[in-house]
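Biologist: I'd like a close look at one loop residue, and then a walk outwards from there into the strands around the rest of the chain. Could you keep it friendly and explain the terms as you go?

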Amino acid sequence: MADRTIGANNRRHNPALRRAQTNACPNCSGVPTRRRHSFVSTYLTTSRSVLLALALTLAAGHFLAATTVNVTENGKTEDAMTLTLEPVSVKAGEVTFMVKNADPIDEHEMNLMRLKSADQKLPFNAKKNHVDESQLKTLGEVEDIKPGASGKLTATLKPGTYMLFCNIKGHYKAGMHNTLTVTK
Ligand SMILES: [Cu+2]
């Protein structure tokens, strides 16, 4: 008695029940049995889509989070000029410098170069009162930034110390320079 009850409710032993259950999916009616999509393949396809979407989201996030350094140049007097950075340290890779000339009177520029060591002194031409750029290998420059205007420079930086400076006559000596640390 007990054996027959189990057999009647068991798919393996009841062909009618087996048919009824394999036709249960409304999306698969009329599709040959072997081509009906199984729960497992649907699940895997969905997982793959989710992973792809996640990867694209992360890639977009990475792109949006590209490193930016905000540089502000200012000169309250001819003797006290400043170049400030935010942040002062970044990770190696592509870095975009957004350079703002906050000085209401003077035009400025920004040169970027990599130092051979953190304490390297730049070659200075005292007569011309500027850094001797002919002895340096610069990585780029934002030229002729008018008072209140902004400029942009993008460079790929490897780990090291970088010097940012304005090389208009007298401005480097007046303090318009700063260093950026690039870490691994
Ligand atoms: Cu300047």
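Biologist: How many other C-beta atoms lie within 10 Å of Asn129, and is this residue buried, exposed or partly exposed?

Modeller: Asn129 has 15 other C-beta atoms within 10 Å, so it counts as partly exposed. Here is the scale: 20 or more such neighbours within 10 Å make a residue buried, 12 or fewer make it exposed, and anything in between is partly exposed, with the C-beta atoms placed from the backbone.

Before we go on, keep in mind that this is a predicted model: local features need pLDDT of at least 70 and side-chain atom pairs count only at pLDDT 80 or more, while totals for chains, interfaces and linings use all residues. Residue numbers start from 1 along each chain, as its sequence is written. The pLDDT is the predictor's confidence in each residue, from 0 to 100. For this chain the mean pLDDT is 81, and 65% of the residues reach 70 or more. Residues 1-8 are a weak spot, with pLDDT under 50.

Back to your residue. Asn129 sits in the loop between strand S6 (124-125) and strand S7 (130-131). Helices (DSSP runs of H or I, at least four residues) and strands (runs of E, at least two) are numbered from the N terminus. What catches the eye at Asn129 is its backbone: phi is near 55 degrees, a positive value in a residue that is not a glycine.

Asp144 does something like that too, with a positive phi of about 45 degrees even though it is not a glycine. That residue lies inside a strand, S8. Asp144 has 12 C-beta neighbours inside 10 Å, so it counts as exposed. Another backbone detail is at Pro87: the peptide bond from Glu86 to Pro87 is cis, with omega near 0 degrees. Pro87 belongs to the loop between S2 and strand S3 (89-91).

Now let's step back to the whole chain. It has 3 helices and 11 strands, and along the sequence the three helices come before the strands. Of the 184 residues, 17% are buried.

Some of those strands build an open sheet of 4 strands in the order S2-S1-S4-S9, with mixed pairing. Its edge strands are S2 and strand S9 (150-157), each of which pairs on one side only. On average, neighbouring strands here are turned by 20 degrees against each other, direction ignored. Two strands pair when DSSP finds at least two bridges between them.

Let's follow that order across the sheet. S1 and S2 are antiparallel over 7 bridges, and a hairpin of 2 residues joins them. In this pair, Thr77 has Ala80 in S2 as its bridge partner, and Glu73 stands opposite Leu83 in S2. Next, S1 and S4 run parallel, joined by 7 bridges. Here Val69 is bridged to Phe97 in S4, and Asn70 has Met98 as its partner. Finally, S4 and S9 run antiparallel with 8 bridges, and Val99 has Gly151 in S9 as its partner.

After S4 comes another loop worth a look. Ile105 lies between S4 and S5. Ile105 has 9 other C-beta atoms within 10 Å, so it is exposed. Its C-alpha is 9.1 Å from that of Lys76, although 29 residues separate the two in sequence.

What about the inside? A nonpolar core is a set of buried Ala, Val, Leu, Ile, Met, Phe, Trp, Tyr and Cys residues joined through C-beta atoms within 7 Å. The largest one here has 21 residues, and Val71, Phe97, Val99, Met110, Leu164 and Phe165 touch the most other members. Among the strands that each supply at least two of its residues are S1 (67-77), S4 (93-101), S5 (108-114) and S8 (138-145). S10 gives the most, with 4 residues. In soluble globular proteins, nonpolar side chains tend to be buried together.

Met110 shows how the parts meet. Leaving out residues up to four places away in sequence, Met110 touches Val71, Glu73, Phe97, Val99, Glu141, Val142, Leu153, Leu164 and Cys166. Contact means that two C-beta atoms, placed from the backbone, lie within 7 Å. Across the chain, 74% of the contacts between residues at least 6 apart in sequence join residues at least 24 apart.

Technical notes: Axes are lines fitted to C-alpha atoms, for helices over the stretch in contact, and angles run from 0 to 180 degrees between N-to-C directions.
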